[in-house]
Amino acid sequence: MALRHLMSPLDFTVGETERLLDLAGRIEKDPGKFSHTCDGKIIATLFYEPSTRTRLSFEAAMMNLGGKTLGFHSADSSSAAKGESVADTIRIVSCYADICAMRHPKEGAPLVASLHSRIPVINAGDGGHQHPTQTLTDMLTIRSLKGRLGNLRIGLCGDLKFGRTVHSLIESLSRYEGISFVLISPEELRVPSYVRESMLEKNIPFTEVVRLDESTMAGLDILYMTRVQRERFFNEADYVRMKDFYILDREKLELAPKDMFVLHPLPRVNEISVDVDDDPRAAYFRQVQYGVYARMALILTLLEIEVA
Ligand code: NCD
């Protein structure tokens, strides 16, 4: 079998994605059954950019499967600081590990790594481009909360330009029937044109609005909040101007549908007030737990380990 990597959520067909989510569901129900499925396996987490959830959840996922982890958590603490290329680094890591998750500030860096790798490479976030494992997490969460992935009206709010989780989620959900999007952002932070064109091409209904108010939230099944991606701004003044553009607080959530769930890939800055955390519709901490199951299922899938 050819080596498989995960660069974009579209690398998996809808059928493969469903199978992966089903596997994640089986893991959630009976984690003990999977606790030795990766005995003797190693995941390398190569993180050239900061991360809490993604890196730790990959490591937790591998440990829950009985495997081990190694890696680095910043470019400064790796040979990148000495000028080593991603291609060389992955050639080296292929000798140490069975699978690798890479996060990099440059778009396409994990793809370059995959071309030189002898082990599966997972894109754990490349610049402002894609974040496929967050999308698997989001889809598993949505499916668990709503019982389906089709026939949903999804609001995405915040930095839709640089927010890679948004790009991957739109592309993935666009493959399901009956999906529509409400894209809520400041003018300057609207989705990139390649994402807009892909929705147009597939005839996906979407609207682009600036305000997060009662009429915007009406009929939403999911409101996906995101932070303004400070590290991708060219100038601090623009960031400061936009950072508190949206704040979802209890008062605002009062205006939202009673069956609308709030998701956020985290970290949150100010865009969701802490007084929302206790609302039963706030699902962002549950989402974190689903991230571990999704990554466990992904590791098993890419390592082609079948569990009867
Ligand atoms: C996201 C990311 O890194 O793109 N975080 C994450 O992986 N959960 C979102 C963000 O950083 O805002």
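Here are some short exercises on this structure, each with a worked solution.

This is a predicted model, where local features need pLDDT of at least 70, side-chain atom pairs count only at pLDDT 80 or more, and totals for chains, interfaces and linings use all residues. Residues are numbered from 1 along each chain as its sequence is written, and side-chain values use heavy atoms, with hydrogens and water left out.

**Exercise 1: aromatic pairs**

Work out how many aromatic pairs there are, and how Tyr48 and Phe72 are arranged.

Step one is the rule: rings of Phe, Tyr and Trp (its six-membered ring) pair if their centres lie within 6.5 Å, and planes under 30 degrees apart count as stacked, over 60 as edge-to-face and the rest as tilted. That rule gives six aromatic pairs.

Next, take Tyr48 and Phe72: 5.2 Å centre to centre with 85 degrees between the planes, an edge-to-face pair. For the elements, helices (H or I, at least four residues) and strands (E, at least two) are DSSP runs, numbered from the N terminus. Tyr48 sits in the loop between β1 (42–47) and α2 (53–64) and Phe72 in strand β2 (residues 68–72), so the pair ties together parts 24 residues apart in sequence.

Last, check the cover: buried means under 20% relative accessible area, exposed over 50%, and partly exposed in between (1.4 Å probe, protein chains only). Both Tyr48 and Phe72 are buried.

**Exercise 2: a ring cluster**

Find out why Phe233 and Tyr239 count as edge-to-face, and which residues form a cluster with ring pairs.

Start with the geometry. The ring centres of Phe233 and Tyr239 are 6.0 Å apart and their planes are at 75 degrees, so this pair is edge-to-face. Now look at accessibility: Phe233 is buried at 14%, and Tyr239 is buried at 7%. Finally, ring pairs join Phe162, Phe233 and Tyr239 into a cluster.

**Exercise 3: around the ligand**

Say which atoms of Thr54, Gln229 and Leu266 lie by the ligand, and how much of the ligand the protein covers.

First, list the neighbours, meaning residues with a heavy atom within 4 Å of the ligand. Among them are Arg53, Thr54, His131, Gln229 and Leu266.

Then go through the distances. The side chain of Thr54 has an N or O atom 2.8 Å from an oxygen atom of the ligand. The side chain of Gln229 likewise has an N or O atom 2.8 Å from a ligand oxygen. With Leu266 it's a backbone N or O atom, 2.9 Å from a nitrogen atom of the ligand.

To finish, the ligand on its own has 320 Å² of accessible area (Shrake-Rupley method, 1.4 Å probe). The protein covers 95% of that.

One more look at His131: this residue lies in the loop between β4 (121–126) and α5 (132–146), and is buried at 3% relative accessible area.

**Exercise 4: helix α6 and the cysteines**

Is helix α6 mostly covered or mostly uncovered, and how many disulfides are there?

For the helix, α6 spans residues 164–173 and is mostly covered, with 10 of its 10 residues buried. Those buried residues include Arg164, His167 and Glu171.

For the cysteines, a disulfide is a pair of cysteine sulfur atoms within 2.5 Å. The count is zero. Take Cys38: its closest cysteine sulfur, in Cys100, is 15 Å away, too far for a bond. Cys38 is also buried, at 0% relative accessibility, and Cys157 is buried at 0% too.

How values were computed:
A residue is near a molecule or strand if one of its heavy atoms lies within 4 Å of it. A polar contact is a pair of N or O atoms within 3.5 Å; within protein, one must be able to donate a hydrogen and the other to accept it, and residues adjacent in sequence count only if both atoms are side-chain atoms.
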